[in-house]
Amino acid sequence: MSDSIRITGHKPLHGEITVRGAKNFVSKAMVAALLGSTPSTLRNVPDIRDVHVVTGLLALNGAQVDYDSESGVLTVDPTDVTPAPADDVSVHAGSSRIPILLCGPLLHRLGSAVIPDLGGCKIGERPVDFHLEILEKFGAEIEQRGDGLALSAPRGLHGIKHRLAYPSVGATEQLLLTAVQAQGLTYVENAAVEPEIKDLIDTLQKMGAIISVDTDRSITIEGVDTMHGYDHTSLADRIEVGSWASAALATHGDIFVHGAQQRTMGMFLNVFRKVGGEFDVLKDGIRFYHPGGDLTAIALQTDVHPGFMTDWQQPLVVALTQAKGLSIVHETVYEQRFGFTEALVKMGATVQLYRECLGDVACRFGASNFQHSAAISGPTPLKAADIDIPDLRGGFSHVIAALAAEGTSTVTGAGIIDRGYENFRAKLTALGAEHE
Ligand code: EPU
């Protein structure tokens, strides 16, 4: 499939699409299956590249993964988990952030783990210091190898008391996946409580884990000796839902998203309504539409759950270029998530970036040199341009901008979108978009 897509825009998107399971849950649930003594079944799994990458990683470690893309049913049989050959592991270097989460399960299963260097979107430094600190505290010994890490746990893994410096999603998952079979009690303060993490906790509980979450975002895990396989249906991908909703708004469209779940979209729906979008929550999904008239500028900051998630920010900013007045967006999760606005400016948008925190609260990037606040002045008509995709969510935002713009845009690097958006070209066709 071509890595670029040509889009002739300025036509409202109309129609129905289906969004399946969440990329940022499914990949972790696949890793969790390594902790079971029997096979696991995961349902509602989307056919996206990240699922294939994790399948490859699990297979390298001896797990048998079968996936039927039509039904969305994926099974992982961890019976024959074995250490991956170090040379083969390096093939996966740079492909994803998930390998770091294999550490705990592999240490429990095998007493050792070899993982490749991480990849993922370039939206900031994205260090793994929290992960390594946690693993060492549990008792892992970590050796940096040329293109990855080698871990062992000669004295086993033991429960810890830990306060996260920031409620990192990945670090919280690291804690969960390691603590469930560590000896004794683990207590975590300042944990992330995203819906995807809640689904991971539910999955681990089905497997035999004992985990409780308190209202103050602390999590207590009582280690158990053995766990078994699970049968679980993934929550919907709320990032993809928010992306299509933003596309409806930016193009004056009307999109019914089958599978969208209100319980995971609360903060997005509030903001969508404040901007001037309309939505109907129906039995099988949510209809998002532009009701006509002016959209309203807003002030917004991204935050960890239950705040407005950072991954909704990029698609929504495209819609904000069409809102009347000055919108302010303060990005507090990643220090460099506004790179995609360069293309919007090229297409006619008025976006000014600031180093300062332009939000209610000063965030941890306030004292650094990162342009992590944006002022967007609208409405500005967008015109077609040739644009290159910087990262997954920024990339989808480029597609939305091209759909809203007058003329034919060429968007290069579109292959990255397949990492997290299932069949997005077919969905564009279903919504009446003109593209090739
Ligand atoms: N951080 C550290 N040290 C660490 C880990 C994180 O400083 O060891 C910092 C990060 O640099 C970032 C902040 O903590 O500034 C939050 O990062 P977090 O660990 O929460 O993110 P993540 O687990 O790497 C997941 C999603 C992201 C999503 C974030 C926030 C996956 C595979 N990725 O990343 O999704 O933006 O949580 O919700 O689950 C995407 O889907 O496009 C995507 C980037």
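**A tour of strand pairing and helix packing**

Begin by selecting strand β7 (residues 141-145) together with β8: the two pair in the antiparallel sense over five bridges. The model on display is a predicted one. The connection from β7 to β8 is a hairpin of two residues. Within this pair, Glu-143 lies opposite Ala-150 of β8.

Next, add strand β6 (residues 112-116), which is also antiparallel to β8 and is joined to it by five bridges. Ala-150 in β8 is here the bridge partner of Val-114. Then colour β8 (residues 148-152) by accessibility: four of its five residues are buried, so the strand is largely enclosed by the rest of the structure.

Move now to another sheet, an open one of four strands with mixed pairing, and follow the order β22-β23-β1-β24. The edge positions belong to β22 (386-388) and β24 (434-435); each has a single partner strand, so one side of each is left without a neighbour in the sheet. Select β1 (residues 5-8) with β24 to see an antiparallel pair joined by two bridges. Thr-8 is found opposite Glu-434 of β24.

Finally, display helices α8 (residues 238-250) and α12 (residues 392-404). Their axes are 9 Å apart and the packing angle is about 20 degrees; the two helices are therefore roughly parallel to each other. The crossing of α8 past α12 is right-handed. Show side chains at the contact: from α8, Ile-239, Ser-243, Trp-244, Ser-246, Ala-247 and Ala-250 meet Arg-393, Phe-396, Ile-400 and Ala-404 of α12. By class, the residues of this contact comprise seven nonpolar, two polar and one charged.

Notes
Residues are numbered from 1 along each chain as its sequence is written. This is a predicted model: local features need pLDDT of at least 70, side-chain atom pairs count only at pLDDT 80 or more; totals for chains, interfaces and linings use all residues. Side-chain values use heavy atoms; hydrogens and water are left out. Axes are lines fitted to C-alpha atoms, for helices over the stretch in contact, and angles run from 0 to 180 degrees between N-to-C directions. Angles under 35 degrees count as roughly parallel, over 145 as roughly antiparallel, 65 to 115 as roughly perpendicular and the rest as oblique. A crossing is left-handed if the near helix is turned anticlockwise from the far one by less than a right angle, and right-handed if clockwise. Contact means heavy atoms within 4.5 Å. Ala, Val, Leu, Ile, Met, Phe, Trp, Tyr, Cys and Pro count as nonpolar, Asp, Glu, Lys and Arg as charged, and the others, Gly among them, as polar. Two strands pair if DSSP finds at least two bridges between them. Buried means under 20% relative accessible area, exposed over 50%, partly exposed in between (1.4 Å probe, protein chains only).
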